[in-house]
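Colleague: I would like a close look at a single part of this model, with its packing spelled out residue by residue. Please take me through the part that is hidden from solvent, and explain your terms as you go.

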Amino acid sequence: MSNRSSEALSPLPKRLKEARLAKGLSQKRLGILAGIDEFSASSRMNQYEKGKHAPDFATLKRLSDELAVPTCYFYCEEEWLAEEILRLFKVDS
């Protein structure tokens, strides 16, 4: 069994930041676009990207819609598979 913590196992923070930066959005702007209150959008997105908190599925779905990536991308541990998921999603879109 691995000695990594469950927080370290979650690829969500890294994938969320990668997708946001690829779209050229600030944390605040992405949060607002996803329906988070403008006064807390930046801090909530920062917490998601730092892995301190995780968005519920409905929020993650709104974030994925704004970022134009499938929700499964956020949970993919393997880099090669994450890239393949994005490639397939773009072909299908």
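Modeller: A residue counts as buried when its relative accessible area is under 20%, as exposed when that area is over 50%, and as partly exposed in between, with a 1.4 Å probe and protein chains only. Arg15 is a nice place to apply this, because at a relative accessible area of 2% Arg15 is buried. Please keep in mind that this is a predicted model, in which local features need pLDDT of at least 70 and side-chain atom pairs count only at pLDDT 80 or more, while totals for chains, interfaces and linings use all residues. Residues are numbered from 1 along each chain as its sequence is written, and side-chain values use heavy atoms, with hydrogens and water left out.

First, the setting. The protein chain has 6 helices and 0 strands, so-called DSSP runs numbered from the N terminus (H or I of at least four residues for a helix, E of at least two for a strand). From the N terminus on, the order is α-α-α-α-α-α. Of the 93 residues in the protein chain, 34% are buried. Contact here means heavy atoms within 4.5 Å. Among contacts between residues at least 6 apart in sequence, 49% join residues at least 24 apart.

Back to Arg15, which is found in helix H2. Beyond residues up to four places away in sequence, Arg15 touches Tyr73, Phe74, Cys76, Glu77, Glu78, Glu79 and Ala82. With one of these, Glu79, the side chain of Arg15 makes a polar contact of 3.1 Å. A polar contact is a pair of N or O atoms within 3.5 Å; within protein, one must be able to donate a hydrogen and the other to accept it, and residues adjacent in sequence count only if both atoms are side-chain atoms.

Now for helix H4, which spans residues 41-50. Its buried residues are Ala41, Met45, Tyr48 and Glu49. They cover an arc of only 95° around the axis, which puts them on the same side of H4; the arc is that of the directions from the helix axis to the C-beta atoms. An α-helix has 3.6 residues a turn, so residues three or four places apart point the same way. The cover over the buried residues of H4 includes H2, H3 and H5. Just after H4, Gly51 takes a positive phi of about 80°.

Within H4, Met45 deserves a pause: its relative accessible area is 0%, so Met45 is buried. Not counting residues up to four places away in sequence, Met45 touches Leu16, Gln27, Leu30, Gly31, Ile36 and Leu63. The C-alpha atoms of Met45 and Ser26, 19 residues apart in sequence, are 9.3 Å apart in space.

Gln27 takes us into helix H3 (residues 27-33). With a relative accessible area of 15%, Gln27 is buried as well. Leaving aside neighbours within four places in sequence, Gln27 is in contact with Arg20, Ala41, Ser42, Met45, Asn46 and Glu49. The side chains of Gln27 and Glu49 are joined by a polar contact of 2.8 Å.

Helix H5 (residues 57-67) adds Thr59, Leu60, Leu63, Ser64 and Leu67 as its buried residues. Seen down the axis of H5, these fall within an arc of 135°, so they line one face of the helix. They pack against helix H2 (12-23), H3 and H4. For contrast, Ala58 also sits in H5, yet Ala58 is partly exposed, at a relative accessible area of 43%. Its C-alpha atom is 9.9 Å from that of Ala34, which is 24 residues away along the chain.

The tour ends just after H5, at Ala68, in the loop between H5 and H6. Ala68 has a positive phi of about 60° although it is not a glycine. Most residues other than glycine have a negative phi. Ala68 counts as partly exposed, because its relative accessibility is 38%.
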